[in-house]
Structure formats: C-alpha cells, structure tokens
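Thanks for passing this one along. Here are my notes, set out as numbered points to read beside the model.

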Amino acid sequence: MLHIAASQVGDSKHMAVMNEVRAQSIQCPYCGETIDVLIDCSISQQSYIEDCQVCCRPIEFNVVVDQEGESFVSVFSENE
Ligand SMILES: [Zn+2]
C-alpha cells in the first residue's frame, strides 16, 4: 500500500516534491498510441522496460529527473 501525503499541494514550487510518483503521457514507439505511465521522480536517472498497454510490446524507458524535480522521459523500441 502506497501512502502519498496530499497536504503538500498549495505552494509546491519549493523543492519539497522530490519523492513523488507522477503520471506522464508518452507515445508508444511501436503503435504510436499515447499511453499514461507512472514515473518515480525520487530516482534521478533510471531505465527500464515496460510493455505497451495497447500493443503489449516492450518499450524501453529512459527517465531523467533534474534538480528542480522536472522529469524527462524518452522511449525507445527494443529493435532500434
Ligand atoms: Zn504500443
């Protein structure tokens, strides 16, 4: 069970939001569908493979979170 403090909403421009899981939309490199994925922004750099929710093919994710907590997600197909 995952508990996320919801009380940090208000003025969250400070950097108190490093430990958060964020939903992000990406485009599948195989079928081109837009799918929502959950990004764990507490890890500054990570790569992993997750199956597309539409075509079930393995998408390679490369996630970078900068010092302000901004997340950048790149997706690749395994064949390329
Ligand atoms: Zn797909």
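1. Let me start with one pairing: Q24 has V37 in strand 2 as its bridge partner. Strand 1 and strand 2 (residues 34–40) run antiparallel and are joined by seven bridges. Strands here are DSSP runs of E with at least two residues, helices are runs of H or I with at least four residues, and both are numbered from the N terminus. Two strands count as paired if DSSP finds at least two bridges between them.

2. A word on the source before going on. This is a predicted model, in which local features need pLDDT of at least 70, side-chain atom pairs count only at pLDDT 80 or more, and totals for chains, interfaces and linings use all residues. Residues are numbered from 1 along each chain as its sequence is written.

3. The overall layout is easy to follow: the chain has five strands and zero helices. From the N terminus on, the elements run β-β-β-β-β.

4. Back to the hairpin of strand 1 and strand 2. Six residues lie between the two strands, and in this hairpin G32 takes a positive phi near 80°.

5. I26 is worth a look on your screen; this residue lies in strand 1 (residues 21–27). I26 touches I35, V37, V73 and V75, leaving aside residues up to four places away in sequence; a contact means C-beta atoms, placed from the backbone, within 7 Å. I26 and D36 are 10 residues apart in sequence, while their C-alpha atoms are 6.4 Å apart in space.

6. Is I26 buried or exposed? I26 is partly exposed, because 18 other C-beta atoms lie within 10 Å. The cut-offs are 20 or more such atoms within 10 Å for buried, 12 or fewer for exposed, and partly exposed in between, with C-beta atoms placed from the backbone. Strand 1 is hardly covered, with zero buried residues among its seven. Across the 80 residues of the chain, 4% count as buried.

7. Next, the open sheet: three strands in the order 3-4-5, with antiparallel pairing. Strand 3 (45–51) and strand 5 (71–77) are the edge strands, each pairing on one side only. Neighbouring strands of this sheet are turned by 25° against each other on average, direction ignored; the axes are lines fitted to C-alpha atoms, and angles run from 0 to 180 degrees between N-to-C directions.

8. Within that sheet, seven bridges join strand 3 to strand 4 (residues 58–65), and the two run antiparallel. S47 has N62 in strand 4 as its bridge partner.

Key:
Two residues are in contact if their C-beta atoms, placed from the backbone, lie within 7 Å.
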